[in-house]
Amino acid sequence: MRQTWGVLLTITTTASPATDLGFLLHKHPGRVQEFSQSFGTATVFYPEAGEERCTAALMLEVDPIALVRSRGKGSPDFSLSQYVNDRPYAASSLLAVALGEVFRTARAGRCKARPELPGTALPLELRLPALPCRGGPDLARRLFEPLGWEVEAQALPLDEGFPEWGDSRYVRLTLRGAARLSDALNHLYVLLPVLDDGKHYWIAPDEVDKLIRAGEGWLHGHPERGLITRRYLGRRWALARTALARLAELGDETEEELEPAVAEEAPPGESAADEMAAAEAEADAGASAESQGQAPARPLSLRRREAVLAKLEELGAVSVIDLGCGQGELVAALLARPRFARVAGMDVSSMALTIAARKLRLDRMPDAKRARLTLFQGALTYTDKRLKGYDAAVLMEVVEHVDPPRLAALERVVFGHARPQHVLVTTPNVEYNVRYEFLTGLRHPDHRFEWTRAEFAAWATRVAAEHGYQVAFEPVGDDDPEVGPPTQMGVFTRDQRS
Ligand code: SAH
């Protein structure tokens with residue numbers, strides 16, 4: 001028999017009922033399931049599956065011969081020697097590849113059997129008994145803590161019998177927190193290869209896409225996004241540049257309203273900040289070279305925020321609620337303008353809210369500013385009194401995250417129940433996608449759909465008519481003569497009589 005070696009990840013929840021984990025992972029708790037990979041076999045099984053506590057294990061058996069044979073375009077390419085010399089049972093980039101495939105549906109946050117589950121944050125504990133980690137426990141903390149995880153990371157000795165030999169490059173990692181399972185899986189999918197930092201991948205241009213999609217909602221705001229991007233892409237600069245430019249479109253940290261993040265003490269050893277600065281300097285240099293001296297275009301996320309802010313001012317809104325506020329960039333910008341006397345942010349993701357609170361520096365916010373702000377967790381598909389009483393509601397890049405069968409509930413909640421004077425809805429214009437280099441499919445894995453201009457107009461017009469609103473449409477970003485703008489905005493205003 002050929003010698004194989006294995007890697008292990010366990011995912012535990014104490015949600016009630018804990019066996020919901022099986023629905024979310026699309027793997028039945030009563031079965032042991034095997035999935036063949038180009039480099040071995042992935043097995044999913046449940047060491048425990050009770051109502052109070054349920055654990056799923058992903059075990060990967062790597063067959064070195066298959067691994068070598070599987071080399072080729074699109075398959076993982078890595079240096080075998082590293083694995084042959086390593087102790088077995090190490091988690092690795094291969095685990096991320098297997099996790100990506102075996103839990104693809106869970107990672108995308110889809111669950112037909114229980115549609116409400118993927119949006120729910122669960123108490124989770126993720127364990128990786130031996131994780132290759134260049135940068136040690138400290139780097140593991142720097143990567144996972146900003147995402148809201150409580151991190152327990154311990155360097156493993158080279159040899160337990162000879163502690164004086166020092167530590168190996170392996171870490172035992174435990175992550176605890178409340179998160180949506182799809183977020184947790186995407187964190188691992190991106191960060192395991194980053195920690196490993198071996199050049200295991202065949203780095204094709206679609207790796208940029210994979211990174212952007214798996215990083216949706218958390219990577220653009222991550223303090224170590226430069227390091228993550230560079231390492232994930234195997235330090236291939238052209239790709240890292242593309243990725244960083246696209247991340248900048250998703251969220252811009254440099255806007256003047258967003259006060260700079262608190263300077264964190266530079267960690268010893270490899271400086272993530274240096275690495276990030278270098279990556280971004282390269283990205284800037286590349287961008288300006290490419291545009292031949294022209295000023296680089298402002299990121300779309302910034303232009304979207306500016307368009308929404310300008311519209312809210314034009315409408316004379318004084319109180320605003322941002323529904324699906326994500327990491328709170330718009331909330332920060334609203335708070336920076338005193339004319340907005342009351343500002344609220346709501347999101348379904350507690351992880352997003354944790355990051356928002358950190359970025360807004362809620363704990364150190366002056367009382368006067370703090371008094372204007374409400375930040376809370378909630379779902380747009382459930383009637384909620386807290387959504388009432390604002391002049392305007394904003395749904396910026398949110399509707400496309402809602403499953404089409406749940407859209408009717410969102411319409412009732414926002415336009416039927418909360419009923420603010422104005423509702424601003426922005427959403428991608430799918431026609432514009434052809435203008436994105438390297439983009440295949442939709443812009444993000446969590447998007448349930450992306451609308452053409454005609455589809456958005458049809459939806460908005462119907463919703464307005466049903467609920468007594470008028471709607472007007474405005475482009476956001478460069479309005480391409482052929483395919484329209486990258487973002488489309490609907491401005492709803494309640495009829496005087498209703
Ligand atoms: N408005 C922000 C974030 C957009 S990402 C921005 O423009 O940057 C979409 C956000 O919607 C995510 O933070 C997600 O958690 C949230 N979301 C998705 N479905 C939701 C629902 N049903 N209720 C509330 N928030 C939801």
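Trainee: In this predicted model, how many residues lie between β3 and β4 in their hairpin?

Mentor: Strand β3 covers residues 40-49 and pairs with β4 in the antiparallel sense over eight bridges. Within that pairing, G40 stands opposite V62 of β4. The two strands form a hairpin, and the number of residues between them is four.

Trainee: Why is strand β4 largely enclosed by the rest of the structure?

Mentor: Strand β4 spans residues 54-62. A residue counts as buried when its relative accessible area is under 20%. Strand β4 is largely enclosed because, of its nine residues, the number buried is eight.

Trainee: Which backbone contributes a polar atom 2.9 Å from a nitrogen atom of the ligand?

Mentor: Several backbone contacts should be considered in turn. A polar backbone atom of V348 is 3.3 Å from a ligand nitrogen, and a backbone N or O atom of M396 lies 2.8 Å from a nitrogen of the ligand. The contact at 2.9 Å involves a polar backbone atom of L380.

Trainee: What share of the area that the ligand exposes when taken alone does the protein bury?

Mentor: The contact just described places a polar backbone atom of L380 2.9 Å from a ligand nitrogen. Taken alone, the ligand exposes 570 Å², and the share of this area buried by the protein is 86%.

Trainee: How many residues of the shell around the ligand are nonpolar?

Mentor: The ligand is surrounded by 15 residues, the closest being G324, D347, V348, L380 and M396. Three residues of this shell are charged and five are polar, while the number of nonpolar residues is seven.

Key: Residues are numbered from 1 along each chain as its sequence is written. This is a predicted model: local features need pLDDT of at least 70, side-chain atom pairs count only at pLDDT 80 or more; totals for chains, interfaces and linings use all residues. Side-chain values use heavy atoms; hydrogens and water are left out. A residue is near a molecule or strand if one of its heavy atoms lies within 4 Å of it. A polar contact is a pair of N or O atoms within 3.5 Å; within protein, one must be able to donate a hydrogen and the other to accept it, and residues adjacent in sequence count only if both atoms are side-chain atoms. Accessible areas come from the Shrake-Rupley method with a 1.4 Å probe; for residues, only the protein chains shown count as cover. Ala, Val, Leu, Ile, Met, Phe, Trp, Tyr, Cys and Pro count as nonpolar, Asp, Glu, Lys and Arg as charged, and the others, Gly among them, as polar. Buried means under 20% relative accessible area, exposed over 50%, partly exposed in between (1.4 Å probe, protein chains only). Two strands pair if DSSP finds at least two bridges between them.
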